[in-house]
Amino acid sequence: MDFKAKNKAFRDISAPGKAKYDFALLKSKGVKLTHLQEMNPEKYCNDILWTLLDHCTQQEIVAHRRECAKAEEDTTSDNTLNPDNTPNLDESNTTDTTTDTSPVADDSTPDSDTVNPAEGETAVADDKEPDEDPDELKEQIAAAEEDKENLELENESLQEDNQNLQEENESLLEENAELEKKTKPSKKKK
C-alpha cells in the first residue's frame, strides 16, 4: 500500500477507542510491539494502527473490529441473563447497555468505514441503526418536502419578477433612446 492510500485509510478508520481490537489483530499477525504499547494501547493507538496497515487491509481491520465488538457484546449480554435466559434484574450484576459498542462508531471516526470505490476497493457497509424515531423522520421528511415546494414557488415568483423587470428595463432603454434622439440638436448645413 502506497503512502497516500495508507494515510487515507489511516484517517478514515482512526479510532482511539478501537485500539484494543487493533492491538489484538496486530499481535495475531506476529508483529513485535514495545512493552509500552502492550500496557496502554489507547495511548499508542496511532502507532498501532499505522503499523497494522502494513500488515492488513482497511476492510480486514474494520471486519476484525466488528467481530471483536460483537463478541464483546455477546459476552456482555450473556452476563446479564439468568440461567433461564431472562434478564437479571439484580442491580449488582447489570451492565449499562446504553453505551455504543459498535466497532466503528466513535467521535473521532466518520459515520461509516468506507473506501472510495473509484480507487478500486470495495465499500464496507455500516451496521448502525438509526437513532431517531421513524415517525419523527417521516415528519422531518414531510416538512422538508413542504419547504422544497415553497422554495420552488418562491423561485418561480422571483423568476417572473425578474422577467418583468427585464422587460421594463428594455422599454425604459427604448424610451431613453427616443428621448435622446429628440433632444439632440440637429446639424443643419447652410
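Show the molecular surface of the whole chain first: about 14500 Å² is exposed, and carbon and sulfur atoms supply 49% of that area. Keep in mind throughout the tour that the model is predicted. Of the 190 residues in the chain, 23% count as buried.

Next, switch to a cartoon view and follow the chain from its N terminus, where the elements run α-α-α-α-α-α, so that the secondary structure comes to six helices and zero strands. If you then display contacts between residues at least 6 apart in sequence, you are looking at a set in which 65% join residues at least 24 apart.

Now select helix α1, which covers residues 3-13 and includes Lys6. Is Lys6 buried or exposed? Its relative accessibility is 7%, and because the limit for buried is under 20%, Lys6 counts as buried. Show the side chains of Lys6 and Asp54 together, and you will find a polar contact between them at 2.5 Å. Widen the selection around Lys6, leaving aside residues up to four places away in sequence, and the residues that Lys6 touches are Met1, Trp50, Leu53 and Asp54.

Stay with Trp50 and add Phe10 to the selection. The structure holds two aromatic pairs, and in one of them the rings of Phe10 and Trp50 have centres 5.5 Å apart and planes at 80°, so this pair is edge-to-face. Phe10 belongs to helix α1 while Trp50 belongs to helix α4 (residues 45-55), and the pair therefore ties together parts of the chain that are 40 residues apart in sequence. As for their surroundings, Phe10 is buried, with a relative accessible area of 15%, whereas Trp50, at 28% relative accessibility, counts as partly exposed. Add Phe3 to the view as well, since Phe3, Phe10 and Trp50 form one aromatic cluster.

For the last stop, select the cysteines Cys45 and Cys68. How many disulfides does a search of the whole structure find? The search finds zero. A disulfide would be a covalent bond between the sulfur atoms of two cysteines. Colour these two residues by accessibility to finish: Cys45, at 10% relative accessibility, counts as buried, while Cys68, at 22%, counts as partly exposed.

Key:
Residues numbered from 1 in each chain as written. Predicted model: local features only at pLDDT ≥ 70, side-chain atom pairs only at ≥ 80, totals over all residues. Heavy atoms only, no water. Helix = DSSP H or I, 4+ residues; strand = E, 2+ residues; numbered from the N terminus. Buried < 20%, exposed > 50% of the residue type's maximum accessible area, 1.4 Å probe, protein only. Polar contact = N/O pair within 3.5 Å; in protein donor to acceptor, adjacent residues only side chain to side chain. Contact = heavy atoms within 4.5 Å. Areas by Shrake-Rupley, 256 points an atom, 1.4 Å probe, with all protein chains shown as cover. Disulfide = S-S within 2.5 Å. Phe/Tyr/Trp six-rings, centres within 6.5 Å; stacked < 30°, edge-to-face > 60°.
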